[in-house]
Amino acid sequence: MKRRSADETALPLDAELADLPPDLRWREWMGRVEAAIFASAAPVPREALARLVGASCVLDELIADIRDELKARPYDLVAIAGGWQHRTRPRFIAAIRGASRSPERKHVDLSRSELEVLALIACRQPISRERLSELAGRAVSRDTLAWLRQQDLITTGPRLAQAGAPATYVTTQAFLERFGLNTIGEFSELADPSETAQI
């Protein structure tokens, strides 16, 4: 007799929880959302979280309640790269590093020149290498762009509709995660492209 896997025998998730009183339903939804975020190494998109709760649930209010409960904890729920993720509060980072026996993930420092190119891409994307060079006031090498791609901070964007159809560059999801941003618009608010070109 073939044994069924846990996935085959699992009942579908009851998102509505109509049989629970409103306060218990809310607590269960909070637990589900927090558990899903806690279990994921990457930011959990809003659409994925919405599948865990009923249609009457206002997800932003639910997350606000979770965050309120976490105020005394060493971590918070943070909007990152279009989703939600647990992030350690900055004052506890040294403690985590001090207690960790595993080697730290290698941190890659960016030179001033690489940061300038990355900032220009983030503010002006999609942008060609030629336009990057114009804004930077110097030639932006293919090696610099290849290195930023290797770090998963940029990727190729759509080709321009002009002679030669030059390639363009755009930032990645990993860029948002690395710099703790929810959307690229947050970066644009921090860095004025006209000032970035003068770095």
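## Exercises on a predicted model

β5 and strand β6 (residues 168–171) pair in the antiparallel sense, joined by three bridges. The model is predicted, and the exercises below work through its sheets, cores and cysteines.

**Exercise 1. In what order do the strands of the open three-stranded sheet lie, and which are the edge strands?**

Step 1. Start from the β5 and β6 pair, which is antiparallel.
Step 2. Place one residue pair: I154 has T171 of β6 as its bridge partner.
Step 3. Add β4. The order becomes β4-β6-β5, with antiparallel pairing.
Step 4. Read off the edges. They are β4 (127–128) and β5 (154–156), each of which pairs on one side only.

**Exercise 2. Which strands of this sheet does α6 touch, and at what angle to β6 does it run?**

Step 1. List the contacts. α6 packs on the sheet and touches β4, β5 and β6.
Step 2. Compare directions. That of α6 makes about 90° with that of β6.

**Exercise 3. Which residues touch the most other members of the largest nonpolar core, and which elements give two or more residues to it?**

Step 1. Take the core as a whole. It has 24 residues.
Step 2. Pick out the residues touching the most other members: V117, I121, L132, L145, I154, F175 and F187.
Step 3. Assign the elements. Two or more residues come from each of α6 (112–124), α7 (129–136), α8 (142–150) and α9 (173–178).
Step 4. Find the largest share. α6 supplies it, with seven residues.
Step 5. Look past this core. Another one lies apart from it, with 17 residues, including L17, M30, V53 and L59.

Nonpolar side chains tend to be buried together in soluble globular proteins.

**Exercise 4. What is F187 in contact with, leaving aside its neighbours within four places in sequence?**

Step 1. Set those sequence neighbours aside. The contacts of F187 are then A119, A122, C123, F175 and L181.
Step 2. Check F175 against the core. Both F175 and F187 are among the residues touching the most other members.

**Exercise 5. How many residues lie between β2 and β3 in their hairpin?**

Step 1. Pair the strands. β2 (residues 75–80) and β3 (residues 83–88) run antiparallel, joined by six bridges.
Step 2. Fix one pair: D76 stands opposite R87 in β3.
Step 3. Examine the turn. Two residues separate the strands, and A81 there has a positive phi of about 50°.

**Exercise 6. Are C57 and C123 buried or exposed, and how many disulfides does the structure hold?**

Step 1. Apply the cut-off: buried means under 20% relative accessible area.
Step 2. C57 has 11%, so it is buried.
Step 3. C123 has 17%, so it is buried.
Step 4. Count the disulfides. The structure holds zero.

Technical notes
Residues numbered from 1 in each chain as written. Predicted model: local features only at pLDDT ≥ 70, side-chain atom pairs only at ≥ 80, totals over all residues. Heavy atoms only, no water. Disulfide = S-S within 2.5 Å. Buried < 20%, exposed > 50% of the residue type's maximum accessible area, 1.4 Å probe, protein only. Core = buried A, V, L, I, M, F, W, Y, C linked by side-chain atoms within 4.5 Å. Helix = DSSP H or I, 4+ residues; strand = E, 2+ residues; numbered from the N terminus. Contact = heavy atoms within 4.5 Å. Pairing = 2+ DSSP bridges. Axes fitted to C-alpha atoms, helices over the stretch in contact; angles between N-to-C directions.
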